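Trainee: Could you take me through one part of this model up close, the helix packing and what sits around it?

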Amino acid sequence: MSAIFNFQSLLLAILLLICTCTYVRAQAPSLIDRNKTGPLGIFWKAARIGERLSPYVSLACIIMGVSILTS
């Protein structure tokens with residue numbers, strides 16, 4: 001089933017996008033920062049969410065991991 005139709009899979013895909021963009025921006029900031037506008041600006045926005053809300057994102061990742069392991 002596609003991640004669009006399954007809510008848990010959609011949340012997992014969004015969390016993975018946020019975590020990946022934050023990690024890439026920490027390793028190579030110029031790669032993410034050069035695309036602040038346009039369609040690729042989504043990656044810059046995801047990186048900003050990961051940086052500013054990192055405790056909440058990490059808590060969501062833990063909860064998602066436990067949820068996946070128990071189901």
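Mentor: Sure, let's start with the ground rules and then go to the packing.

This is a predicted model, so local features need pLDDT of at least 70 and side-chain atom pairs count only at pLDDT 80 or more, while totals for chains, interfaces and linings use all residues. Residues are numbered from 1 along each chain as its sequence is written, and side-chain values use heavy atoms, with hydrogens and water left out.

Now the helix pair. The axes of helix 1 and helix 3 come within 7 Å and cross at roughly 90°. Helices here are DSSP runs (H or I, at least four residues), numbered from the N terminus; axes are lines fitted to C-alpha atoms over the stretch in contact, with angles from 0 to 180 degrees between N-to-C directions. That crossing makes helix 1 roughly perpendicular to helix 3 (the label covers 65 to 115 degrees). On the helix 1 side, the contact (heavy atoms within 4.5 Å) is made by Leu 17, Ile 18, Cys 21, Thr 22 and Arg 25. Helix 3 brings Ile 42, Phe 43, Trp 44, Ala 46, Ala 47, Ile 49, Gly 50 and Glu 51. Zoom in on Ala 46: leaving aside residues up to four places away in sequence, Ala 46 touches Leu 17, Ile 18, Cys 21 and Thr 22.

Ala 46 also belongs to the largest nonpolar core, together with Leu 15, Ile 18, Cys 21, Ile 32, Ala 47, Val 57 and Met 64, 8 residues in all. Such a core is a set of buried Ala, Val, Leu, Ile, Met, Phe, Trp, Tyr and Cys residues joined through side-chain atoms within 4.5 Å. Helix 1, helix 3 (41-52) and helix 4 (54-70) each give two or more residues to this core, and the largest share, 3 residues, comes from helix 1.

What about the cysteines? With a disulfide taken as a pair of cysteine sulfur atoms within 2.5 Å, the count comes to 0. For Cys 19, the nearest cysteine sulfur, that of Cys 61, is 3.5 Å away; for Cys 21, the nearest is that of Cys 19, at 9.5 Å. Cys 21 is buried at 5% relative accessible area, whereas Cys 19 is partly exposed at 31% (buried is under 20%, exposed over 50%, partly exposed in between, using a 1.4 Å probe and protein chains only).

Last stop, Gln 27, which lies in helix 1 (residues 7-27) and counts as exposed at 54% relative accessibility. The C-alpha atoms of Gln 27 and Ser 54 are separated by 16 Å.

Note on methods:
Parallel < 35°, antiparallel > 145°, perpendicular 65-115°, else oblique.
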